[in-house]
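Work through the exercises below with the model open. Try each task before reading its solution.

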Amino acid sequence: MNIRNKLTLRFILIVAIITFMASVLIYIFSADYRREDYYTRLHNKANNTATLLIEVDEVDVNLLRKLEKDNPISLPNERIIVYDFHNEVIFSTDEDKTIHVDQDLLDRIRLEEEIRYTQGDYEVLGFLFKGRYDRFAVIAAATDIYGFNKLKNLRTILLLVFAFSIIVASVSGWFFSGKALQPISKVVNRVDEISITSLNLRVDEGNGKDEIALLAKTFNDMLKRLEVSFTIQKNFIANASHELRTPLTAITGQLEVTLLNTRSTDEYIKVLNSVLEDIKSLNNLSNRLLLLAQTSTEVDERKMIDLRVDELLWQTRDELAKRNPAYNIHIDFHQTLDDDASLTMRGDEHLIKVALSNIIDNACKYSSDHTCYILIQPANTMLTLTFRDHGIGIPEEDHSNIFEPFYRAGNTQSIKGHGIGLSMVNRIVALHQGTIQLQSVVGEGTTIILSFPAV
Ligand code: ADP
């Protein structure tokens, strides 16, 4: 069932309950009032008759019967019976003996002074009349035709009011719930129009204040994030294929030119070496791309172990120096380092090594002295590693984008690279709840500071 139907039904239910309860209360109070009013009138009438009979000496039974017969203020089907203290009938207008009176009933009247009950259509009142010399039991009965007709009429009116209020509630409930849900329908229609090719579309945020505006705003924020990540992904694929195509084009070109003529062995060796170089670079690039993809997800908890940072740095230094004999890598500990300072952090050994090796490699690659100075400094709960070089530096305007995949600073055209390293470092550091800071001045050098939680 849709929300509009649900809201309308609930509205009808609430109106129905309120109207029903009000109708029942009105009916109960009216019925109660009719009963009290009727018995009061019956009592007054019977009391008058008994007073005339007992207190007024001039009035005897025959005269009273005559008076009663044509009395215009008598109640419909009125019957009055008066008993003396011997329970003998001294006066009765109940000629056909419709009202059943027995000894028990008379005793109860004398005991309780007033009783009320019904017999068929008759409502009967019995009460004790105290005369000057005697106590009489008076029975009065009549049928309240007008009172019951009024009640019947009231019942019909209440039923009509109930039916009418249900109809009004249904129509107005349907109308107002439709109106309240209209903005949601608009949002739904708009969302229907948004596809992967039209992520730039946005949902109308209406008045910007109510819940639906909040929903639309949340949805728009999500669309914005999706659009950004979709664009990043698109750019990433374009950049990656571009980077892969460059060495492939070089390989194809070299081989095609070589195959045009027959070459000497030396020339073949030269070309093969150059092709091998390009293939190695291609291999390196594809490995890095794979690693970048891996670091985009969450780190595997099973690979997280306690790592001694200084040991990792020594190992990385040795591996880099083996591959690039020109590199100078100095590792120092901060002066304040005391004996129980922790050099241990929790992490994925392979990923941390990749990060360290990228930073050190960059420092050596982008400086003419190929030298990187590393400082290890444990501070409180953090472990800080500072990498410093006196290289070409990174222009100020590139600082904000330098951690984006495939981004390279403007001053690095002459030095080979793909722009993947730093983005990978950034992700690895984030995966290890660390932070990265960059300070760099063109022509003076670059400092990169990594901080990781110590164990
Ligand atoms: P790559 O070195 O392969 O180009 P990176 O992602 O490692 O890619 O670095 C991105 C860019 O950041 C580099 O192209 C370079 O412009 C700049 N860069 C990084 N480290 C340094 C550094 N130590 N000195 C100067 N520039 C640097």
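**Exercise 1. The contact between two domains**

How much area do domain 2 and domain 3 bury between them, and what percentage of it is on carbon and sulfur atoms?

*Solution.* Start with what is shown. This is a predicted model: local features need pLDDT of at least 70, side-chain atom pairs count only at pLDDT 80 or more, and totals for chains, interfaces and linings use all residues. Residues are numbered from 1 along each chain as its sequence is written, and side-chain values use heavy atoms, with hydrogens and water left out.

Step 1: set the bounds. The protein chain is assigned domain 1 (3–150), domain 2 (211–294) and domain 3 (303–453). Such bounds come from an automatic or database domain assignment.

Step 2: take the area. The size of an interface is often given as the accessible area lost when the parts come together. Buried area here is the accessible area (1.4 Å probe) that two parts lose on being put together, summed over both. Domain 2 and domain 3 bury about 1,200 Å², with 68% of it on carbon and sulfur atoms.

Step 3: find the main contributors. On the domain 2 side, Arg288, Leu291 and Leu292 lose the most area to domain 3. Together they make up 53% of what that side buries.

**Exercise 2. Dissecting the domain 2 side**

Describe the pairs across this contact, then the side of domain 2 that takes part.

*Solution.* Step 1: place the centres. The C-alpha centres of domain 2 and domain 3 are 24 Å apart. Ten residues from domain 2 and twelve residues from domain 3 make the contact, where contact means heavy atoms within 4.5 Å.

Step 2: count the pairs. Zero salt bridges link domain 2 and domain 3; a salt bridge is a side-chain nitrogen of Lys or Arg within 4 Å of a carboxyl oxygen of Asp or Glu. Three residue pairs are in polar contact, both residues at pLDDT 80 or more. A polar contact is a pair of N or O atoms within 3.5 Å; within protein, one must be able to donate a hydrogen and the other to accept it, and residues adjacent in sequence count only if both atoms are side-chain atoms.

Step 3: assign the elements. Helix 5 (211–260) and helix 6 (265–295) each give two or more residues to the domain 2 side. Helix 6 supplies the largest share, six residues. Helices (H or I, at least four residues) and strands (E, at least two) are DSSP runs, numbered from the N terminus.

Step 4: classify. The domain 2 side has six nonpolar, two polar and two charged residues. Ala, Val, Leu, Ile, Met, Phe, Trp, Tyr, Cys and Pro count as nonpolar, Asp, Glu, Lys and Arg as charged, and the others, Gly among them, as polar.

**Exercise 3. Salt bridges**

How many salt bridges does the structure hold? Analyse three of them.

*Solution.* Step 1: count. The structure holds 18 salt bridges. Side chains of opposite charge can pair when their charged atoms come close.

Step 2: take arginine 34 and aspartate 144. Their closest N and O atoms are 2.7 Å apart. Arginine 34 sits in helix 1 (residues 3–55) and aspartate 144 in the loop between strand 5 (135–142) and helix 4 (145–193), so the pair ties together parts 110 residues apart in sequence. Arginine 34 is buried at 10% relative accessible area, and aspartate 144 is buried at 6%. Buried means under 20% relative accessible area, exposed over 50%, partly exposed in between (1.4 Å probe, protein chains only).

Step 3: widen the view. Arg34, Asp37, Arg41, Glu123 and Asp144 form a network of salt bridges.

Step 4: take glutamate 112 and arginine 108. The closest N and O atoms of this salt bridge are 3.6 Å apart. Both residues lie in helix 3 (residues 103–112), four residues apart, about one turn of the helix. Glutamate 112 is partly exposed at 44%, as is arginine 108 at 41%.

Step 5: take glutamate 113 and lysine 130. They meet in a salt bridge of 3.5 Å, N to O. Glutamate 113 is in the loop between helix 3 and strand 3 (114–119) and lysine 130 is in strand 4 (residues 122–130), so the pair ties together parts 17 residues apart in sequence.

**Exercise 4. A helix neighbour**

Which residues does valine 271 contact, leaving aside neighbours within four places in sequence?

*Solution.* Step 1: locate valine 271 in helix 6. Step 2: list its contacts, Gln254, Leu255 and Thr258. Step 3: check one distance. The C-alpha atoms of valine 271 and threonine 258 are 7.6 Å apart, with their positions 13 residues apart along the chain.
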